[in-house]
Amino acid sequence: MRPRHLLTTLLIGTPLAAAGWLWLTMLSPFTYERPEHLDPIGEGPHEVFVYGTLRVPPVRWIVIGDRVETRPAYLEDWQRSGLDLEPAPGERVPGEVLTVAAEELARLDRYERLGIRYQRVRLTLADGSEAWVYRRLPEASPAAASP
């Protein structure tokens, strides 16, 4: 194979392979089944505070399947701890609030593996509004797994 063909194959194949892996592991209905004990999702709109990868517009677009308007927000008296949040008086976590419909919230739940890896809880933001926030389940956190 000529160097130019190899480079072209890598430039096209790498993003496609990455997108396929993301879809299969995080978005595919084949790798997540919503646990039966979870309450059904009510009709929207739903406000969701995001503080990690979902702040990145291309990631949001891949997960939700559409562009979503956001607004900056802060979670007071919390701090990031790895992939989770923990109470921390005097600290604040910067993030964004997404306003989504029920179907889009279901896609976010699938991405976060609601009921398996994360739980969705209502927390009050710095501006006094409430939003859903994804928090790691205790059995899913690395600290809970170690003796």
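pLDDT is the predictor's confidence in each residue, on a scale from 0 to 100. For this chain it averages 86, and 88% of the residues score at least 70. So what you have here is a predicted model, in which local features need pLDDT of at least 70 and side-chain atom pairs count only at pLDDT 80 or more, while totals for chains, interfaces and linings use all residues. Residues are numbered from 1 along each chain as its sequence is written, and side-chain values use heavy atoms, with hydrogens and water left out.

**Overall layout**

The chain has 4 helices and 5 strands; these are DSSP runs numbered from the N terminus, with helices being H or I over at least four residues and strands E over at least two. Walk along the sequence and you get α-β-α-β-β-α-β-β-α. Confidence varies between these elements: β1 has the highest mean pLDDT, 97, and helix α4 (residues 142-145) the lowest, 47. Over residues 143-147 pLDDT stays under 50, and the model has 2 contacts beyond four places in sequence for that stretch. Contact here means heavy atoms within 4.5 Å.

Of contacts between residues at least 6 apart in sequence, 62% join residues at least 24 apart. Buried residues account for 33% of the 147 in the chain, where buried means under 20% relative accessible area, exposed means over 50%, and partly exposed is in between (1.4 Å probe, protein chains only). The exposed surface comes to about 9,300 Å², 60% of it from carbon and sulfur atoms; the areas are Shrake-Rupley values with a 1.4 Å probe, and for residues only the protein chains shown count as cover.

**The sheet**

The 5 strands form an open sheet with mixed pairing, in the order β2-β3-β1-β5-β4. Two strands pair if DSSP finds at least two bridges between them. At the edges stand β2 (70-81) and β4 (118-124), each with a single partner strand, so one side of each has no neighbour in the sheet. From one strand to the next the twist averages 40 degrees; the axes are lines fitted to C-alpha atoms, for helices over the stretch in contact, and angles between N-to-C directions run from 0 to 180 degrees.

Here are three of the pairings, with an example of bridge partners for each:

| Strands | Sense and bridges | Partner residues |
|---|---|---|
| β2 and β3 (residues 84-100) | antiparallel, 11 bridges | Trp 78 and Pro 87 |
| β1 and β3 | antiparallel, 5 bridges | Phe 49 and Val 97 |
| β1 and β5 (residues 130-136) | parallel, 2 bridges | Phe 49 and Val 133 |

How much of strand β1 (residues 46-50) is buried? The count is 4 of the 5 residues, so this strand is largely enclosed by the rest of the structure. Phe 49 stands opposite Val 97 in β3 and has Val 133 as its bridge partner in β5.

**The core**

In soluble globular proteins, nonpolar side chains tend to be buried together. The largest nonpolar core in this model has 28 residues, and those with the most contacts inside it are Val 48, Phe 49, Leu 75, Val 100 and Leu 108. A nonpolar core is a set of buried Ala, Val, Leu, Ile, Met, Phe, Trp, Tyr and Cys residues joined through side-chain atoms within 4.5 Å. At least two residues of this core come from each of β1, α2 (57-64), β2, β3, α3 (102-112), β4 and β5. The element that gives the most is β3, with 5 residues.

Take Leu 75 as a worked example. Beyond its neighbours within four places in sequence, Leu 75 is in contact with Phe 49, Leu 85, Glu 91, Arg 92, Val 93, Leu 123, Thr 124 and Leu 125.

**A few residues to check**

Most residues other than glycine have a negative phi, and most peptide bonds are trans. Asp 77 has a positive phi of about 65 degrees although it is not a glycine. Asp 77 sits in strand β2 and is partly exposed, at 41% relative accessibility. Arg 113, also not a glycine, has a positive phi of about 60 degrees. Is Arg 113 buried or exposed? Arg 113 lies in the loop between α3 and β4 and is buried, with a relative accessible area of 5%.

Asp 66 belongs to the loop between α2 and β2 and is partly exposed, with a relative accessible area of 43%. Leaving out neighbours within four places in sequence, Asp 66 is in contact with Arg 60 and Trp 61. The C-alpha atoms of Asp 66 and Glu 104 are separated by 8.9 Å, and the two residues are 38 residues apart along the chain.
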